[in-house]
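The exercises below concern confidence, cysteines and strand pairing. Each task is followed by a solution in steps.

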Amino acid sequence: MKNFTIISILLVAFSCTRPNKPEGETATVDSLKYENEVHLKNVRQLTWGGNNAEAYWSFSGESLVFQSDFAEWGVECDQIFTLSVANSEKGKQPPMVSTGLGRTTCAYFLPGDSLIVYGSTHLADSLCPAVPARSTGKYVWPIYEGYDIFVANLEGEIVSQLTSEVGYDAEATVSPSGDRIIFTSTRSGDLELYTMNLDGSDVVQITDELGYDGGAFFSPDGSEIVWRASRPQTEEEITEYKELLEQGLVQPTEMELYMANADGSDARKITSLGNANWAPFFTPDGSKILFSSNHASERGFPFNLFMVNLDGTELEQVTFDDTFDSFPMFSPDGKYLVWASNRNNGGTRDTNLFVAEWID
């Protein structure tokens with residue numbers, strides 16, 4: 001679960017309101033990208049309102065599946081929707097493919113594009129779970145123990161339930177070859193990564209260090225994984241992490257990126273930037289990682305997209321938003337990038353989806 005709804009609320013006072021086009025540019029210039037965004041071309045907005053994120057491509061590259069809490073679509077908290085990339089229109093509601101009950105997160109297409117996998121709390125409670133209060137003054141993410149992972153068809157009918165363990169099971173993504181699912185679970189007592197077959201069988205734990213391991217993705221050839229992780233080190237940090245986890249909370253303000261082989265072996269840290277580094281995804285050739293970070297921010301924002309080599313060298317800034325850019329994902333053919341951004345939101349708290357041609 002990437003918890004972008006909470007982040008977007010924190011950023012409301014700093015929503016992007018500056019002009020997208022520098023003075024003197026003609027109407028033919030890309031109006032939805034900022035200066036220095038040299039890797040993006042023909043940026044196009046796909047949603048208009050609410051908080052929209054976790055947009056992941058179908059295997060065909062024609063559709064996206066994503067989560068949204070847009071009230072005008074009749075939802076009170078995040079539900080799962082699909083969207084035709086070529087036919088998105090302002091004012092047109094895309095089809096909802098979750099139950100409309102509970103809260104959902106992290107949907108992903110299965111091979112063949114007729115089924116999706118996603119996390120949902122609807123079996124635990126048909127109502128939206130409460131967002132935790134910031135009584136401690138610290139920014140936290142909820143880890144709802146009611147989350148389990150389900151498979152549904154594009155008519156919104158649940159076909160199967162893949163997890164039934166006590167505790168949090170969510171953040172499922174699928175390998176490019178379509179043979180394994182990777183997900184995050186608290187079944188061991190900590191937030192660890194696991195893999196399983198598409199039918200939920202052969203569950204294997206692949207991380208075992210104290211801290212939050214989540215948001216994992218496979219490399220283009222399926223041989224490696226990349227994910228975000230927190231690693232409390234001091235006695236005070238460890239105590240705080242464990243106490244928050246017992247309350248179903250994590251504090252995601254210090255996270256770095258890690259890589260490993262797909263079975264969890266040869267795990268290594270690839271960033272040491274400080275602050276929150278998350279939402280990593282491999283570039284189409286598998287040689288770099290594109291991710292979201294606020295490492296250069298003194299007050300927690302802005303978040304922008306950055307790119308780095310697999311060994312952590314040659315850090316490059318990709319987007320230049322004033323507030324929030326995250327959840328980047330390349331199309332299967334590597335020609336397009338979809339991501340979530342606060343740009344062009346008219347000064348509101350809306351986080352929308354954007355797609356652009358990717359320029360190496």
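In what follows, a residue is buried under 20% relative accessible area, exposed over 50%, and partly exposed in between. The model is predicted.

**Exercise 1. State how confident the predictor is over the chain, and identify which stretch has a pLDDT below 50.**

Step 1. The protein chain has an average pLDDT of 92, and 91% of the residues score at least 70.

Step 2. The stretch with pLDDT below 50 covers residues 4-28. Beyond near neighbours in sequence, this stretch has 63 contacts in the model.

Step 3. Where pLDDT is low, predicted coordinates should not be read in detail.

**Exercise 2. Find which cysteines form the disulfide, and classify each partner as buried, partly exposed or exposed.**

Step 1. A disulfide is a covalent bond between the sulfur atoms of two cysteines. The cut-off for the sulfur pair is 2.5 Å.

Step 2. Cys77 and Cys128 meet this cut-off, with an S to S distance of 2.2 Å. The structure holds one disulfide.

Step 3. The angle about the S-S bond is -90°, and the link of Cys77 and Cys128 is left-handed.

Step 4. The two cysteines lie in distant parts of the chain, 51 residues apart. Cys77 is in the loop between strand S3 (63-68) and strand S4 (79-84), while Cys128 is in the loop between S6 and strand S7 (141-142).

Step 5. Cys77 has a relative accessible area of 4%, so Cys77 is buried. Cys128 has 31% relative accessibility and therefore counts as partly exposed.

Step 6. Cys106 is in no disulfide, since the nearest cysteine sulfur, that of Cys77, is 14 Å away. Cys106 counts as buried because its relative accessibility is 1%.

**Exercise 3. Give the strand order of the open four-stranded sheet and explain why S5 and S9 each have one side without a neighbour.**

Step 1. The order is S5-S6-S8-S9, and the pairing is antiparallel.

Step 2. Strand S5 (104-109) and strand S9 (158-161) stand at the edges. Each has a single partner strand, so one side of each is left without a neighbour in the sheet.

Step 3. From one strand to the next, the twist averages 25°.

Step 4. Four bridges link S5 and strand S6 (residues 115-120) in the antiparallel sense. Thr105 stands opposite Gly119 in S6.

**Exercise 4. Describe the burial of strand S11, and list which strands pair with S11 and over how many bridges.**

Step 1. S11 covers residues 181-185, and five of its five residues are buried. Ile181, Phe183 and Ser185 point one way from the strand, with Ile182 and Thr184 pointing the other way.

Step 2. Strand S10 (residues 169-174) pairs with S11 antiparallel over four bridges. Asp169 stands opposite Ser185 in S11. The hairpin of S10 and S11 has six residues between the strands, and Gly178 in the turn has a positive phi of about 75°.

Step 3. Strand S12 (residues 192-196) is joined to S11 by five bridges, and the two run antiparallel. The bridge partner of Phe183 in S12 is Tyr194. S11 and S12 form a hairpin with six residues between the strands, where Gly189 takes a positive phi near 100°.

**Exercise 5. Determine how many residues of strand S2 are buried, and which residue in the turn of its hairpin with S3 has a positive phi.**

Step 1. In S2 (residues 52-57), six of the six residues are buried.

Step 2. S2 and S3 run antiparallel and are joined by four bridges. Trp57 stands opposite Leu64 in S3.

Step 3. Five residues lie between S2 and S3 in the hairpin, and Gly61 in the turn has a positive phi of about 80°.

Definitions and conventions. Residues are numbered from 1 along each chain as its sequence is written. This is a predicted model: local features need pLDDT of at least 70, side-chain atom pairs count only at pLDDT 80 or more; totals for chains, interfaces and linings use all residues. Side-chain values use heavy atoms; hydrogens and water are left out. Two strands pair if DSSP finds at least two bridges between them. Axes are lines fitted to C-alpha atoms, for helices over the stretch in contact, and angles run from 0 to 180 degrees between N-to-C directions. Buried means under 20% relative accessible area, exposed over 50%, partly exposed in between (1.4 Å probe, protein chains only). pLDDT is the predictor's confidence in each residue, from 0 to 100. Contact means heavy atoms within 4.5 Å.
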